[in-house]
Amino acid sequence: METKQIQETINMVEEEHLDIRTVTMGISLLDTVAGDPQQTAKNIYKKVTTYAKDLIKVAEQIEREYGIPITNKRISVTPIALIAGHATPDDMLYYAHALDDAAKAVGVDFIGGYSALVQKGFANGDLALIKSLPRALTETDLVMSSVNIGSTKAGINLDAIKLMGETVKGISEKSDTANAKLVIFANAVEDNPFMAGAFHGVSEADVVINVGVSGPGVVKRALEKVKGESIQVVAETVKKTAFKITRVGQMVGALAAERLGVEFGIVDLSLAPTPARGDSVAEVLEEVGLEQVGTHGTTAALMLLNDAVKKGGVMASQRVGGLSGAFIPVSEDAGMIDAAKEGTLTLSKLEAMTAVCSVGLDMIAIPGDTSATTISAMIADEAAIGVQNNKTTAVRILPTLGTKVGDMVDYGGLLGTAPVMPVVEKSSADFINRGGHIPAPIHSFKN
């Protein structure tokens, strides 16, 4: 790197909250399957702890040498339902605890991949995993889960959506926070390093390093320098800033992979916020020219931001992947929290924004008495946006017992706090209870 680039990087870290949000080691578990669940669980523990034993040490070395903070060190594994075979829901808990124990043994923050892919139908392992989720997510500390219920190629599994609404409701009856560890996807990607949706896809190499970079503060500071300029200047500024951020991520990822002796996967350039002021995607959108996120024009501004981030990232690296764009989790973004509390940001507006961003309805608190079919209908709407537009969408909804609209719920740490948002009270039960499969859109038929 040239001297000027080095100084820019130092400034981004020290003044603008640039960090490597995560270094995530993806590990295939396809070779861990044994004759019984307990032995498979032992094999899972052994493989994860063998390959990830030096992950923390290497990440901390890179932090010290280059002065770039790596906020989270994580692991993702093959979707556990794929190796479950004839396991029962109780058997699945062996796998959940093996993952949790392995993550604690190597010292990572989270382990993702307690997952199922049911966009076209259920296998035994899929149903066993989903039925185990209320216990698995409340009995473990570091295990993250995802379920993919739709895709552009396969359509939408309405039976799975109904089951996931009931599952989210069941989890909320055991814990106020465990639903923060579960994402329900359409068009899930195989190389996502961000939790809770990370899993190691079957097309990936045996072990890889994926990096997630986050820089809302860097982008906001860059936009402060072009106040009053045209929207083309705004787009170009975001694109150039994303280029710089991605280069930092690629350097860290390549170094980590080399030192760990594994393959380098991708850089996911996603503007992922934290609850800290100055590290907010909402504040970036407001810097574009909105008085407050959620007002009219928010969806257009978010489209511009998301597109410019992707263009800058692709220019900087041939290994851009994951979700790469802008995340809009309510509880994890100070500006989103403010807008939701004031009523500027509503569920309807958030749904519109998800049509142009990289995720979906994320970390949103709703009243605890919301019905399972209403939760399912919210999942169905997000899946429809993703499937029709051939993009990834996701739902991480947090019903909290004993709360009402306007109450604040504290999830702790990076998960932040969220105001309980109102949900439309008219029923969608007859729609959800039809079950079956919503066909794939006509443009899915390509080969």
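**Pocket, cavity and salt bridges**

Me: The lining of the largest pocket divides into 18 nonpolar, five polar and five charged residues. How much space lies in that pocket, and which residues come closest to its centre?

Reply: Happy to start there, with the note that this is a predicted model. The largest pocket holds about 400 Å³ of space. Of the 28 residues lining the pocket, Phe194, Met195, Ala196, Glu332 and Arg396 are the closest to its centre. Strand 2 (70-77), strand 6, strand 10 (361-367) and strand 11 each give two or more residues to this lining, and strand 11 gives the most, with three.

Me: What makes the contact between arginine 396 and glutamate 332 a salt bridge?

Reply: The cut-off is a side-chain nitrogen of Lys or Arg within 4 Å of a carboxyl oxygen of Asp or Glu. For arginine 396 and glutamate 332, the closest N and O atoms are 3.5 Å apart, so the pair meets the rule. The two residues lie in distant parts of the chain, 64 residues apart: arginine 396 is in strand 11, and glutamate 332 is in the loop between strand 9 (325-326) and helix 11 (334-342).

Me: Are arginine 396 and glutamate 332 buried or exposed, and how do you know?

Reply: Buried means under 20% relative accessible area. Arginine 396 has 5%, so it is buried. Glutamate 332 has 13%, so it is buried too.

Me: How do you know which class fits aspartate 54 and lysine 57, buried, exposed or in between?

Reply: Exposed needs over 50%, and buried needs under 20%. Aspartate 54 has a relative accessible area of 27%, so it counts as partly exposed. Lysine 57, at 46%, is partly exposed as well. These two residues also form a salt bridge, with their closest N and O atoms 3.8 Å apart, which is within the 4 Å limit.

Me: Why are glutamate 224 and lysine 220 about one helical turn apart?

Reply: They sit four residues apart in helix 7 (residues 216-224), which means a separation of about one helical turn. Their side chains meet in a salt bridge at 2.7 Å, N to O. Side chains of opposite charge can pair when their charged atoms come close. Glutamate 224 is partly exposed at 30%, whereas lysine 220 is buried at 18%. Both residues belong to a network of salt bridges that also links Arg221, Lys227 and Glu287. The structure holds 20 salt bridges.

Me: What about enclosed space: how many cavities of 30 Å³ or more are there, and what lines the largest?

Reply: The count comes to one cavity of 30 Å³ or more, and the largest cavity holds about 30 Å³ of space. Its lining includes Ile149, Ile184, Phe185 and Glu382. Strand 6 (182-186), helix 13 (372-389) and strand 11 (393-400) each supply at least two of the lining residues. The lining divides into eight nonpolar residues, one polar and one charged.

Me: What makes strand 6 mostly covered, and which strands pair with it?

Reply: Five of its five residues are buried. Leu182, Ile184 and Ala186 are buried on one side, and Val183 and Phe185 on the other. Two strands pair if there are at least two bridges between them. Strand 4 (residues 143-151) runs parallel to strand 6 and is joined to it by five bridges, so the rule is met. Strand 11 pairs with strand 6 in the antiparallel sense over three bridges, so that pair meets the rule as well. Isoleucine 184 has valine 395 as its bridge partner in strand 11.

How values were computed: Residues are numbered from 1 along each chain as its sequence is written. This is a predicted model: local features need pLDDT of at least 70, side-chain atom pairs count only at pLDDT 80 or more; totals for chains, interfaces and linings use all residues. Side-chain values use heavy atoms; hydrogens and water are left out. On a 1 Å grid over the protein atoms alone, a cavity is a set of points where a 1.4 Å probe fits but cannot get out, and a pocket is an open set with protein on both sides within 12 Å along at least five of seven lines; lining residues have an atom within 4 Å of a point. Grid points are joined across faces, edges and corners, and a volume is the space filled by probe spheres set on the points. Ala, Val, Leu, Ile, Met, Phe, Trp, Tyr, Cys and Pro count as nonpolar, Asp, Glu, Lys and Arg as charged, and the others, Gly among them, as polar. Buried means under 20% relative accessible area, exposed over 50%, partly exposed in between (1.4 Å probe, protein chains only).
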